[in-house]
Amino acid sequence: MKRIFFFTGCFLLILVPILHAQQCDQESSAASKMLLKTAQDKDNFSEKENIIQNALSLCPSFDTNYALANTLFEHASAIESDELALKATQFFKDAFCTACSEKERGLALAGLGQTAITQNQWHKAVYYLKLSIERKKDSNIEALLHRYEEKIVQTGSSADDIAETLSVDLACTNQPHCTKSKGALLIRPIEKPSLNLHIHFQYNSDKLDETGKLEAQKLAQALSRKNFENKSIALIGHTDSRGSRTYNEELSLRRANAVRDFLVFQEEINNTYIRTEGHGEEEPLRKGHTEEDYSLNRRVEVSIQ
């Protein structure tokens with residue numbers, strides 16, 4: 001855990017912004033900014049947290065939520081505290097919901113991805129990090145994304161991580177009040193959660209091998225939970241680039257169908273509607289031609305509809 005915290009903590013430390021304030025009047029905004037500047041010079045965690053909390057009470061803005069999330073997460077890295085990391089998660093979510101730009105949302109999503117890593121939730125981390133990169137390109141976050149995509153291939157999935165990721169809800173109850181300098185709030189909607197399962201099949205076949213059955217069973221365990229009752233799930237098959245496009249498209253659909261049939265007939269998952277698609281080699285995670293690239297691209301994507 002210390003190794004994970006060290007990497008993410010160093011990244012977050014350099015991203016603390018002092019930008020603009022929302023949802024507060026001019027006087028409160030100015031006072032909040034002054035408090036945030038004061039907090040940056042403090043080394044003592046408790047003192048720094050208290051100052052930022054005061055700033056947050058004056059102005060519940062992206063700046064104050066993000067600064068508090070960073071402070072909590074940075075200290076969590078120093079003392080290896082899961083409790084503080086979870087607390088930071090909520091303030092990253094609040095920062096996401098008070099963001100006035102795609103860049104700010106990208107920063108908050110990166111923070112959510114990194115707190116998910118500390119909880120060993122690889123799929124959730126990958127989901128957040130992908131969303132972050134779509135909104136704010138960052139080579140450190142891209143490297144982190146690739147690292148945990150590969151980790152999923154190497155270690156497999158857990159039913160808890162699958163269920164938690166497919167249950168992510170980034171809906172915000174209130175729209176932030178943005179300053180005129182930001183103009184209109186131009187923020188893309190967040191797509192519903194999805195994840196990639198690297199379910200193994202027999203060579204050039206749609207028959208699940210024993211490892212593939214174990215991975216599919218974890219998906220079944222996740223979907224059997226009550227919060228997935230009456231939900232619509234899409235299973236989308238993907239292949240690597242070897243073979244013809246036509247054959248790969250057909251194979252990817254047959255593999256998605258095979259996972260669906262395993263869920264329904266072997267695991268008796270009948271509380272959800274499952275549809276299947278095959279996208280062949282058209283949507284690779286990696287564009288290289290190494291065995292590692294091929295293994296990442298062979299997958300079944302699971303998404304909530």
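Helices and strands are taken here as DSSP runs, with at least four residues for a helix and at least two for a strand, numbered from the N terminus. On that basis, the protein has 12 helices and four strands. The model is a predicted one. Its pLDDT averages 89 over the protein, and 89% of the residues score at least 70. Residues 1-22 fall below a pLDDT of 50. This stretch nevertheless has 73 contacts in the model beyond near neighbours in sequence.

The fold was next examined as a whole. Of the 305 residues, 51% count as buried. Among contacts with a separation of 6 or more, 74% are made by residues 24 or more positions apart.

Two of the strands were followed in detail. Strand β2 spans residues 232-238 and pairs with β3. The pairing is parallel and runs over six bridges. Within it, leucine 235 has threonine 276 of β3 as its bridge partner. Strand β3 covers residues 273-278, and its side chains alternate. Ile274, Thr276 and Gly278 point to one face and are buried. Tyr273, Arg275 and Glu277 point to the other face and are not buried. Thr276 thus belongs to the buried face and is also the bridge partner of leucine 235.

Helix α11, residues 245-266, joins these strands in a β-α-β unit. The unit of β2, α11 and β3 is right-handed. Leucine 251 is found in α11. Its relative accessible area is 5%; the cut-off for a buried residue is under 20%, so leucine 251 counts as buried. Leaving aside neighbours within four places in sequence, leucine 251 is in contact with Asn204, Ser205, Asp206 and Thr239. Asparagine 204 lies 47 residues from leucine 251 along the chain. The C-alpha atoms of the two residues are separated by 8.1 Å.

Pockets were then considered. The largest has a volume of about 580 Å³. Its lining comprises 26 residues. Lys130, Glu134, Glu149, Asn196 and Leu285 lie nearest the centre of this pocket. Two helices and two strands each give two or more residues to the lining: α7 (122-135), α8 (139-155), β1 (194-197) and β4 (299-304). Helix α7 gives the most, with seven residues.

Terms used: Residues are numbered from 1 along each chain as its sequence is written. This is a predicted model: local features need pLDDT of at least 70, side-chain atom pairs count only at pLDDT 80 or more; totals for chains, interfaces and linings use all residues. Side-chain values use heavy atoms; hydrogens and water are left out. pLDDT is the predictor's confidence in each residue, from 0 to 100. Contact means heavy atoms within 4.5 Å. Buried means under 20% relative accessible area, exposed over 50%, partly exposed in between (1.4 Å probe, protein chains only). Two strands pair if DSSP finds at least two bridges between them. A crossover is right-handed if, with the strands pointing away from the viewer, the path from the first strand over the helix to the second runs clockwise. On a 1 Å grid over the protein atoms alone, a cavity is a set of points where a 1.4 Å probe fits but cannot get out, and a pocket is an open set with protein on both sides within 12 Å along at least five of seven lines; lining residues have an atom within 4 Å of a point. Grid points are joined across faces, edges and corners, and a volume is the space filled by probe spheres set on the points.
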